[in-house]
Amino acid sequence: RHYLLNYIADFHAPLKDKDELKMWSKFVNKLTGDGYSISIFNLNYDRVMMDVVEESGIDISTGYNLQDQKSEFNAHNFYSAENILAYLHGSIHFVPPIPNNSLPTYYKDLKKASEKRLTAIYSTGTQNNRRDCNLAMVTGLSKFESMAKEPFATYYRRLIRDIDESDTIFIIGYGGADRHLNMLLKSPLS
């Protein structure tokens with residue numbers, strides 16, 4: 001997973017098509033300009049949606065202080081923010097927690113994140129003879145388990161709240177293969 005995150009960082013960040021970036025940022029500005037709050041639940045690990053949000057100029061929370069070079073997750077600030085961007089499956093900026101630190105850390109600099117991520121993966125213990133690497137990049141069959149760990153638990157709580165409270169939900173580019181999301185989207189309350 002470490003090498004996959006590095007590949008994504010090297011080849012897919014930042015968004016290279018400036019016309020596409022402007023199109024999506026206009027879409028975000030239109031929604032927020034019409035008085036709507038916006039919650040973006042991103043399943044990608046790259047920073048494309050962050051580029052869109054930065055281009056649009058709206059104030060948005062990921063739960064991390066994006067101005068700092070290194071930031072710890074603040075669940076309260078994220079959950080109470082008007083506009084949010086949640087990385088439901090992790091981010092190229094996330095570094096798994098090391099012992100004595102229970103939360104993944106956000107590193108603004110992608111090279112620093114890569115260095116720290118490799119160190120963090122090998123400094124954590126194993127459970128049932130396997131390392132838990134799903135704290136920076138959520139993949140495979142352990143997605144339900146990852147939802148119980150921060151920041152993902154808060155991201156999913158916010159997703160559930162937003163599904164319940166939203167008048168309109170846009171689903172863009174979702175293939176429909178994530179059972180943990182399908183369960184929420186198919187709920188009789190949604």
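A residue is called buried here when its relative accessible area is under 20%, and by that cut-off Phe-94, with a relative accessible area of 1%, is buried. The model in which this residue sits is a predicted one, and Phe-94 offers a convenient point of entry into it.

The protein as a whole has 190 residues, of which buried residues make up 45%, and its secondary structure comes to eight helices and seven strands. Where two residues at least 6 apart in sequence are in contact, the partners are at least 24 apart in 70% of the cases. The accessible surface amounts to about 10900 Å², with carbon and sulfur atoms contributing 52% of that area.

Returning to the aromatic side chains, the count of ring pairs comes to 11 when ring centres are required to lie within 6.5 Å of each other. One of these pairs joins Tyr-87 and Phe-94, whose ring centres are 6.2 Å apart and whose planes meet at 75 degrees, so the arrangement is edge-to-face, a class that requires planes over 60 degrees apart. Both Tyr-87 and Phe-94 are buried. Phe-94 also pairs with Phe-152, and there the centres are 6.3 Å apart with the planes at 55 degrees, so this second pair is tilted. Because Phe-94 belongs to strand β4 (residues 94-95) while Phe-152 belongs to helix α7 (residues 152-165), the pair ties together parts of the chain that are 58 residues apart in sequence. Phe-152, for its part, has a relative accessible area of 0% and is therefore buried.

These residues take part in a wider arrangement, since ring pairs link Tyr-64, Phe-73, Phe-78, Tyr-87, Phe-94, Tyr-106, Phe-152 and Tyr-155 into a cluster. Another tyrosine, Tyr-79, is met by charged side chains: the charged end of Arg-157 sits over its ring at 4.7 Å from the centre, and Arg-161 lies over the face of Tyr-79 at 4.8 Å from the ring centre.

A further part of the buried interior can be followed from helix α3, which spans residues 48-56 and whose buried residues are Met-50, Asp-51, Val-52, Val-53 and Ser-56. The elements that cover these buried residues of α3 include helix α2 (18-33) together with the strands β1 (39-42) and β3 (84-87). Just after α3 comes Gly-57, which takes a positive phi of about 80 degrees.

Notes: Residues numbered from 1 in each chain as written. Heavy atoms only, no water. Helix = DSSP H or I, 4+ residues; strand = E, 2+ residues; numbered from the N terminus. Buried < 20%, exposed > 50% of the residue type's maximum accessible area, 1.4 Å probe, protein only. Contact = heavy atoms within 4.5 Å. Areas by Shrake-Rupley, 256 points an atom, 1.4 Å probe, with all protein chains shown as cover. Phe/Tyr/Trp six-rings, centres within 6.5 Å; stacked < 30°, edge-to-face > 60°. Lys NZ or Arg CZ within 6 Å of the ring centre and 35° of its normal.
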